[in-house]
Protein chains: 2
Amino acid sequence: MSYANPPRKIALVGIGKIARDQHVPALQASSEWELAATVSRSGSVEGVEAHDDFDAFLAARPDIDVISLCLPPQPRFDYARKALMARRHVMLEKPPGQTLAEVHALQRLAATQGVTLFASWHSRMAAGVAAAKSRLVERVVRGARITWKEDVRKWHPGQDWVFEPGGMGVMDPGINALSILTEILPEPVHLVAAELEFPENRHTPIAARLDFTGNVRAVFDWRQEGPQTWDIEIETSKGSLALRDGGARLEVDGVAEDLADHPGEYPSLYARMADLVARGQSDVDLAPMIHVADAMTLGRRVTTAPFEFDKEKT
Amino acid sequence: MSYANPPRKIALVGIGKIARDQHVPALQASSEWELAATVSRSGSVEGVEAHDDFDAFLAARPDIDVISLCLPPQPRFDYARKALMARRHVMLEKPPGQTLAEVHALQRLAATQGVTLFASWHSRMAAGVAAAKSRLVERVVRGARITWKEDVRKWHPGQDWVFEPGGMGVMDPGINALSILTEILPEPVHLVAAELEFPENRHTPIAARLDFTGNVRAVFDWRQEGPQTWDIEIETSKGSLALRDGGARLEVDGVAEDLADHPGEYPSLYARMADLVARGQSDVDLAPMIHVADAMTLGRRVTTAPFEFDKEKT
């Protein structure tokens, strides 16, 4: 005879677009979690206790011992640090920080405090990723091509922070591709060259070409109008694999695999978080972020046309 | 009764300025090491077997099981990989690579091959560093100011590679300061903001300002004519410490410490390498390089005047 565990209380911090689109529905559909509170200066979720001050929330609700941070990377460290200092388990949206050193600091703090830190990479949970990974175990990878082209005006309308230092520019979507690549490749690769296009009025790149060892190449572009492309195509000793739509579809030698019963990226992330907390483990893999830092360090810089969200201004 | 060990054979790869100025004298003065061969397309050392092809050297001299690489960072990875594949112990000049991911790849390979990998940071061996570190253990650090200002025309005359992607620009000397900082501070810090000045005709910064947590600030500038400055000044709960001349001098509350019997940076590095090989250990600390990658990722970019080594061209 077995009993289901009662749902575990969790608080969401940062009620913006990604929280509303993904985190809230995933938590509300889960039997493992109870969305017990939100913390946000501007947003809230109907029927859920709403706080606008994080310190006050931590003091008022010691019973909520898991916190998921959906803030932009720039303010996230201070929230994560406070949550860990208050001995809460913490889940971070991607990327886990503005800098590698700050994530290492959070790792040390989580270990000292004896709590879970989960640096989540939602694209790794896309429907085709686990299947692609298991296919590649049996094959020798001859090369890969990543094509990640989307319209920043559509996905980040008016969000100037993506072009501020720490906002990562086109590396923000690109790191999703790198999170899949680093998950599925049997052998790690490293960057050997990169070219970064910086709009002359912006501090982060709007497009990038990355060349890795192992004949792995990536093209990221945030100026793509019309059809959007998030593809990873891999040539192997036994034919080709292609992950399309950001990993949602998998083709093996041109034939689509059946991935119909996949729970979705964010439900899978929260299932993973529940498992990590239950086991008393952390999961912080910085490989995708290291590739971005390497590209920003090694990349050849090209200045390109100014970018404004409102085209009439340009 | 004890017997001194016979000197261990070592090969130097890359006979340029740093090899002649530092590595060769350190090895020739050491009773632990025998400089048994050099590998270089252009340089050699009088009285030492000279090779110009690394593969041929590896095949011809299996008895030389330790290799020190003094090449610029761009070609260094391929040499390090070949040396580790041939089961040689490897010592790397700073910085240990062009990218973090390539150094992680070398770490994995060294572990697999069961050989030593030493990513050396020569400035950590400067006369005042160990003394400064031990002083800081007893004190609370209130803040630190790094001032690293030198003339690139003097220290890298005509070496355009320092301004090519991967050459790091002013981060090349600056990482020496960061290697000392990360060695002596009792608690790690992380970058919160940076400003990078790129000459409009160059791919790497010529000057940088880095702001870290803990009230730690660094200014790097490669345009310093006249007096050169390599200082780290630290305010603590019990007064001030200052490392000057790149760590060669230590002042405690304004009074110079006696550091007269220090063996020198490169002799200390080779003593450390001998110890690592004898113990079967590796030493790869990427903290200084992570701070540079973080600055290149997070830094606000400012375009500044073009730079030419020959001033008459400007």
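Buried means under 20% relative accessible area, exposed means over 50%, and partly exposed lies in between (1.4 Å probe, protein chains only). The model is predicted: local features need pLDDT of at least 70, side-chain atom pairs need pLDDT 80 or more, totals for chains, interfaces and linings use all residues, and side-chain values use heavy atoms, without hydrogens or water. Residues are numbered from 1 along each chain as its sequence is written, with chains lettered from A and ligands numbered from 1 in the order in which they are written.

Q: What makes strand β10 of chain B mostly covered?
A: The strand spans residues 216-221 of chain B, and five of its six residues are buried. A strand here is a DSSP run of E, at least two residues long; a helix is a run of H or I, at least four long; both are numbered from the N terminus.

Q: How do you know that β7(B) and β10(B) pair?
A: Two strands pair if DSSP finds at least two bridges between them. Six bridges join β7(B) to β10(B), so the test is met. The two run parallel. T147(B) stands opposite V219(B) in β10(B).

Q: How do β9(B) and β10(B) run?
A: They run antiparallel, joined by six bridges. A208(B) stands opposite F220(B) in β10(B). The two strands form a hairpin with three residues between them. In that turn, G214(B) has a positive phi of about 75 degrees.

Q: In what order do the nine strands of the chain B sheet stand?
A: The order is β14-β13-β12-β11-β7-β10-β9-β8-β15, in an open sheet with mixed pairing. What makes β14 (255-256) and β15 (300-304) of chain B edge strands is that each pairs on one side only. Strand β13 (residues 249-252) of chain B is joined to β14(B) by two bridges, and the two run antiparallel. V252(B) stands opposite V255(B) there.

Q: What is the strand order in chain A?
A: Chain A has an open sheet of nine strands in the order β14-β13-β12-β11-β7-β10-β9-β8-β15, with mixed pairing. Its edge strands are β14 (255-256) and β15 (300-304), each pairing on one side only. Eight bridges join β7 (residues 141-149) to β11 (residues 229-236) of chain A, and these run antiparallel. I146(A) has I232(A) as its bridge partner in β11(A).

Q: Which strands does helix α9 of chain B lie across?
A: Helix α9 (residues 287-298) of chain B lies across β8 (191-199), β9 (207-212) and β15 of chain B. It runs at about 75 degrees to β8(B). Angles run from 0 to 180 degrees between N-to-C directions, with axes fitted to C-alpha atoms, for helices over the stretch in contact.

Q: Why are α9(A) and α4(B) called oblique?
A: Angles under 35 degrees count as roughly parallel, over 145 as roughly antiparallel, 65 to 115 as roughly perpendicular, and the rest as oblique. The axes of α9 (residues 287-298) of chain A and α4 (residues 100-113) of chain B cross at roughly 125 degrees, so the two helices are oblique to each other. Their axes come within 8 Å. I290(A), H291(A) and D294(A) meet L100(B), A101(B) and H104(B). These residues divide into three nonpolar, two polar and one charged.

Q: At what angle do α5(B) and helix α7 of chain B pack?
A: The angle is about 40 degrees, with the axes 9 Å apart. V129(B), A132(B), K133(B) and L136(B) in α5(B) meet I180(B), E183(B) and I184(B) in α7(B). The contact has five nonpolar, no polar and two charged residues. Ala, Val, Leu, Ile, Met, Phe, Trp, Tyr, Cys and Pro count as nonpolar, Asp, Glu, Lys and Arg as charged, and the others, Gly among them, as polar.

Q: Why does H190(A) count as buried?
A: Its relative accessibility is 5%, and the limit is under 20%, so H190(A) is buried. H190(A) is in the loop between α7 (171-184) and β8 (191-199) of chain A. Beyond residues up to four places away in sequence, it touches residues of both chains, including D211(A), H291(A), F77(B) and E102(B). Contact means heavy atoms within 4.5 Å.

Q: Why is D245(B) called partly exposed?
A: Its relative accessible area is 41%, which lies between the two limits, so D245(B) is partly exposed. D245(B) is in the loop between β12 and β13 of chain B. It has a positive phi of about 55 degrees although it is not a glycine.

Q: What is the peptide bond from K94(B) to P95(B)?
A: The bond is cis, with omega near -15 degrees. P95(B) is in the loop between β5 (89-92) and α4 of chain B.
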